[in-house]
Amino acid sequence: MITTTPTAQLTARSAEIDHKLRLMREALHETGAAGIRLRGTDWFTWATGGGSHTVLLAAETGIADVLVTADRAYLLTNEIEAQRLRDEELSGNSFQVQAIPWADTEQQEAFVRDIAGDKVISDRPTLNESPLPNSLIQQKRILLPSEIDRYREVGRLASEAMTEAITQAQPDWTEYQLAGAGAKSLWSRGLYPGLILLAGERRLPIYRHAIATAEPIGRAAMMVFCARGFGLYANLTRFIYFGKLSEQQRSLHQQVREVEAAGLDQCQPNVPLNQIYERLKQAYEQQGHPEAIRQHHQGGTTGYLSREIVATPTTIDPLAANMAVAWNPSLPGAKIEDTFLIHADGNLENLTFDPNWSSTEVNGRSRPLPLEQS
């Protein structure tokens with residue numbers, strides 16, 4: 001929970017935004033561009049210290065762009081949205097809101113040309129724009145102390161929402177009903193349900209990415225959250241069984257925990273992601289499931305995207321202190337996932353740990369057990 005006063009939070013957010021404006025201006029100097037334009041939901045939230053331009057939840061862009069030059073910073077939007085953005089999404093006077101008539105989008109493009117000409121870099125470059133430099137992209141993935149404070153709150157709320165929803169489930173509920181309970185628990189805590197996966201007893205061993213259906217869940221269910229708050233994603237997976245697990249089910253969950261532990265043990269600053277991928281591959285082989293590494297992606301870094309980078313055999317991007325990771329190793333009918341912060345000393349902080357959920361210790365970490373309901 002964020003325990004600082006509102007005044008302290010505003011001060012920290014203003015300092016964070018000032019720091020990010022400096023980073024963006026360094027990117028302008030590095031690339032020789034006159035302006036940087038940020039369209040994506042992830043980048044908008046990063047630049048504004050947790051502000052949101054989201055209206056349509058499924059969209060990757062929103063109702064405002066960030067435009068930064070060497071000496072000015074703007075939010076580009078339309079007259080429908082301008083006042084709400086000023087009142088509810090901005091902190092201090094870091095950004096000037098530039099509002100245009102909603103029916104005249106060309107006026108906004110003309111404004112950008114007047115300010116920055118044709119030398120613009122962007123996270124989603126158009127024909128006449130250039131991509132962001134890798135140096136700035138890397139900075140986005142390394143969290144500042146104020147971002148970490150917000151992330152801790154998002155993780156706590158997401159895990160509480162998961163526990164609240166899944167412990168209400170009944171065997172005759174449909175997958176839609178349980179997914180709906182999950183969405184309700186997230187929204188009631190101010191979190192966006194970026195993704196909710198749901199598989200009941202029949203579909204659970206068949207599909208790794210199971211979208212909810214009208215089918216009753218039966219004697220078992222898996223629920224997956226990618227919950228977004230302040231633009232940051234808390235990713236976690238939990239299981240419920242009505243009755244005792246079979247020995248085969250219990251074994252599969254234990255094996256998945258061991259595979260995950262092998263990957264988490266590698267999550268240290270400067271370790272490349274492909275090294276962790278290879279360690280997970282070895283762990284599956286040691287558990288007798290050499291094919292599992294190919295049957296689902298294993299996760300990777302997270303933050304302002306549910307996965308900033310998905311680890312593959314060729315992903316050489318290194319981890320760093322104050323990055324977040326979420327791994328999701330799986331076997332048929334079993335999976336595990338939480339969101340961890342990497343500290344400078346190599347310790348991992350579980351941002352989505354819920355002390356009210358039953359857990360077991362694996363390699364010195366508390367890991368969630370499937371919930372068994374009588």
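**Notebook: helix packing and a few single residues**

I began with helix α1, residues 6–31. α1 has 26 residues and runs 37 Å from its first C-alpha to its last, close to the 38 Å expected at 1.5 Å a residue. The expected span is 1.5 Å times one less than the number of residues. Helices here are DSSP runs (H or I, at least four residues), strands likewise (E, at least two), and both are numbered from the N terminus.

I noted the ground rules next. This is a predicted model, in which local features need pLDDT of at least 70 and side-chain atom pairs count only at pLDDT 80 or more, while totals for chains, interfaces and linings use all residues. Residues are numbered from 1 along each chain as its sequence is written, and side-chain values use heavy atoms, with hydrogens and water left out.

**Entry 1: α1 and α5**

I looked up which residues of α1 are buried (under 20% relative accessible area, 1.4 Å probe, protein chains only; exposed is over 50%, partly exposed in between). I found Arg13, Glu16, Ile17, Lys20, Leu21, Leu23, Met24, Ala27 and Leu28. I kept the helix rule in mind: an α-helix has 3.6 residues a turn, so residues three or four places apart point the same way.

Then I took the packing against helix α5, residues 134–141. The two helices pack at an angle of about 165°, with axes 9 Å apart. Axes are lines fitted to C-alpha atoms, for helices over the stretch in contact, and angles run from 0 to 180 degrees between N-to-C directions. α1 and α5 are therefore roughly antiparallel. That term applies to angles over 145 degrees; under 35 is roughly parallel, 65 to 115 roughly perpendicular, and the rest oblique.

α1 passes α5 in a right-handed crossing. Right-handed means that the near helix is turned clockwise from the far one by less than a right angle; anticlockwise is left-handed.

I listed the contacts (heavy atoms within 4.5 Å). From α1, Leu23, Met24, Ala27 and Glu30 meet Ser135, Leu136 and Gln139 of α5. These residues divide into 4 nonpolar, 2 polar and 1 charged. Nonpolar covers Ala, Val, Leu, Ile, Met, Phe, Trp, Tyr, Cys and Pro; charged covers Asp, Glu, Lys and Arg; the others, Gly among them, are polar.

Just after α1, I saw that Gly32 takes a positive phi of about 75°.

**Entry 2: Trp46**

Trp46 sits in helix α2, residues 41–47. Buried or exposed? Trp46 is buried, at a relative accessible area of 1%. I left aside neighbours within four places in sequence and checked its contacts. In α1, Trp46 touches Glu16, Lys20, Leu23 and Met24. In α5, Trp46 touches Leu136, Gln139 and Lys140. Glu147 and Tyr304 are also in contact with Trp46. Leu23, Met24, Leu136 and Gln139 also take part in the α1 contact with α5.

I also checked one long-range pair. Trp46 and Leu232 are 186 residues apart along the chain, yet their C-alpha atoms are separated by 8.9 Å.

**Entry 3: α6, Ser159 and α7**

Helix α6 covers residues 145–166. Its end C-alpha atoms are 32 Å apart, which agrees with the 32 Å that its 22 residues should span at 1.5 Å a residue. I found α6 mostly covered, with 16 of its 22 residues buried.

Ser159 lies in α6. At 2% relative accessibility, Ser159 counts as buried. Not counting residues up to four places away in sequence, Ser159 touches Leu236, Thr352, Phe353 and Asp354.

Next I took helix α7, residues 175–187. α6 and α7 pack at about 140°, with their axes 8 Å apart. Their crossing is right-handed. Ala158, Ala161, Glu164, Ala165 and Ile166 of α6 meet Leu178, Ala181, Gly182, Ser185 and Leu186 of α7. The split is 7 nonpolar, 2 polar and 1 charged.

**Entry 4: α8, α9 and the loop between**

Helix α8 (residues 247–264) and helix α9 (residues 273–286) cross at roughly 150°, and their axes come within 8 Å. They are therefore roughly antiparallel. α8 passes α9 in a right-handed crossing. Val259, Ala262 and Gly263 in α8 meet Ile276, Arg279, Leu280, Ala283 and Tyr284 in α9. By class I have 6 nonpolar, 1 polar and 1 charged.

Asn270 lies in the loop between α8 and α9. Asn270 has a positive phi of about 80° although it is not a glycine. At 65% relative accessibility, Asn270 counts as exposed.

**Entry 5: Asn322**

Where does Asn322 lie? I placed Asn322 in the loop between β11 (309–310) and β12 (324–327). Asn322 is not a glycine, yet its phi is positive, about 70°. Asn322 is partly exposed, with a relative accessible area of 25%.
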